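Hi everyone, thanks for coming along. I'd like to walk you through a structure that will be new to most of you, so please have a look at it while I talk.

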Amino acid sequence: MHTRLKKKVSNQYQIKGIVDSFYEGIAAVEFIKSGHGHVNYAAIPSVVYTHPEVAWVGKTEQDLKAEGVKYKIGKFVFSANSRAKTNLDTEGFVKILTEAETDRILGAHIIGPNAGEMIAEGVLAIEYGASAEDVARTCHAHVSNGINHWLWLLSDYILTAYVE
């Protein structure tokens with residue numbers, strides 16, 4: 001964080017980006033106050049607001065291959081989910097990349113309805129080093145619409161992808 005924000009003038013810090021800026025601002029203030037500040041850039045999501053929406057956080061398969069990381073892929077398509085069928089919105093999928101040995105979530109990629117909301121669970125998982133099983137076994141409210149429904153679906157997708 002320090003080297004990313006530090007300017008040439010010793011007591012000035014710069015903040016870049018749109019989404020990053022809020023978190024970098026907090027980290028800059030923390031650094032100025034205590035000498036320590038942190039932004040986990042791996043846990044900052046990206047969203048493309050199209051139909052279907054596209055959202056991702058963390059590593060891509062290309063990143064993991066380039067870094068020589070052994071990984072697993074969990075993927076579940078919306079068209080196999082009865083709720084998505086009922087809503088007539090079955091286009092897309094959820095893909096989770098995990099470290100092969102530890103099952104720690106390294107990346108989450110979603111194409112489909114409400115992907116921008118669903119990716120929040122992937123962000124939280126990456127921020128706190130959760131495994132796919134941690135997320136899959138977390139109980140979510142299943143409501144008829146809204147963010148809780150999509151979080152429940154995401155955990156359902158992950159559980160289906162990894163329990164097999």
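Let me start with a question: which residue is the bridge partner of Val-94 in β5? The partner is Ile-110. Keep that pair in mind, as we'll come back to those strands. One thing to say up front is that this is a predicted model.

Now, the overall picture. The protein chain has 164 residues, and 37% of them count as buried. Its secondary structure comes to 7 helices and 5 strands. If you read along the sequence, the pattern goes α-α-β-β-α-β-α-β-β-α-α-α. As for contacts between residues at least 6 apart in sequence, 52% of them join residues at least 24 apart.

Let's turn to the sheet. The 5 strands form an open sheet, and their order across it is β1-β2-β5-β4-β3, with antiparallel pairing. At the edges stand β1, residues 46-48, and β3, residues 71-77; each has a single partner strand, so one side of each is left without a neighbour in the sheet. On average, neighbouring strands here are turned by 10 degrees against each other, if you ignore direction. For anyone who would like a reminder, strands of a sheet pair through backbone hydrogen bonds, either parallel or antiparallel.

Let's go through some of those pairings. Strand β2, residues 53-58, runs antiparallel to strand β5, residues 105-112, and 6 bridges join them. Within that pairing, Val-54 stands opposite Ile-111 in β5. Packing on the sheet is helix α5, residues 115-127, which touches β1, β2, β4 and β5. The direction of α5 makes about 5 degrees with that of β2.

On the other side of β5 in the order comes β4, and these two strands pair in the antiparallel sense over 6 bridges. That is where our opening pair, Val-94 and Ile-110, belongs. The hairpin of β4 and β5 has 5 residues between the strands, and Asp-103 takes a positive phi near 70 degrees there. Then β3 and β4, also antiparallel, are joined by 7 bridges.

So is β4 enclosed or open? Of its 7 residues, 5 are buried, so β4 is largely enclosed by the rest of the structure.

My favourite residue in this strand is Lys-95, which has its place in β4. Is Lys-95 buried or exposed? Its relative accessibility is 17%, and because the cut-off for buried is under 20%, Lys-95 counts as buried. What does its side chain contact? There is a polar contact with the side chain of Glu-61, at 2.8 Å. Leaving aside residues up to four places away in sequence, Lys-95 also touches several others, including Ile-73, Gly-107, Ala-108 and His-109.

Lys-95 is the bridge partner of another lysine, Lys-75. The charged end of Lys-75 sits over the ring of Phe-93, 4.2 Å from the ring centre. As for aromatic pairs, the count comes to 0.

One last stop: Asn-114, in the loop between β5 and α5. Asn-114 counts as partly exposed, because its relative accessibility is 29%. How far apart are Asn-114 and His-51 in sequence and in space? They are 63 residues apart in sequence and 9.2 Å apart in space, C-alpha to C-alpha.

That's my tour. Thanks for listening, and I'm happy to take questions.

Methods. Residues are numbered from 1 along each chain as its sequence is written. This is a predicted model: local features need pLDDT of at least 70, side-chain atom pairs count only at pLDDT 80 or more; totals for chains, interfaces and linings use all residues. Side-chain values use heavy atoms; hydrogens and water are left out. Two strands pair if DSSP finds at least two bridges between them. Helices (H or I, at least four residues) and strands (E, at least two) are DSSP runs, numbered from the N terminus. Axes are lines fitted to C-alpha atoms, for helices over the stretch in contact, and angles run from 0 to 180 degrees between N-to-C directions. Contact means heavy atoms within 4.5 Å. Rings of Phe, Tyr and Trp (its six-membered ring) pair if their centres lie within 6.5 Å; planes under 30 degrees apart count as stacked, over 60 as edge-to-face and the rest as tilted. A charge sits over a ring if NZ of Lys or CZ of Arg is within 6 Å of the ring centre and within 35 degrees of the ring normal. Buried means under 20% relative accessible area, exposed over 50%, partly exposed in between (1.4 Å probe, protein chains only). A polar contact is a pair of N or O atoms within 3.5 Å; within protein, one must be able to donate a hydrogen and the other to accept it, and residues adjacent in sequence count only if both atoms are side-chain atoms.
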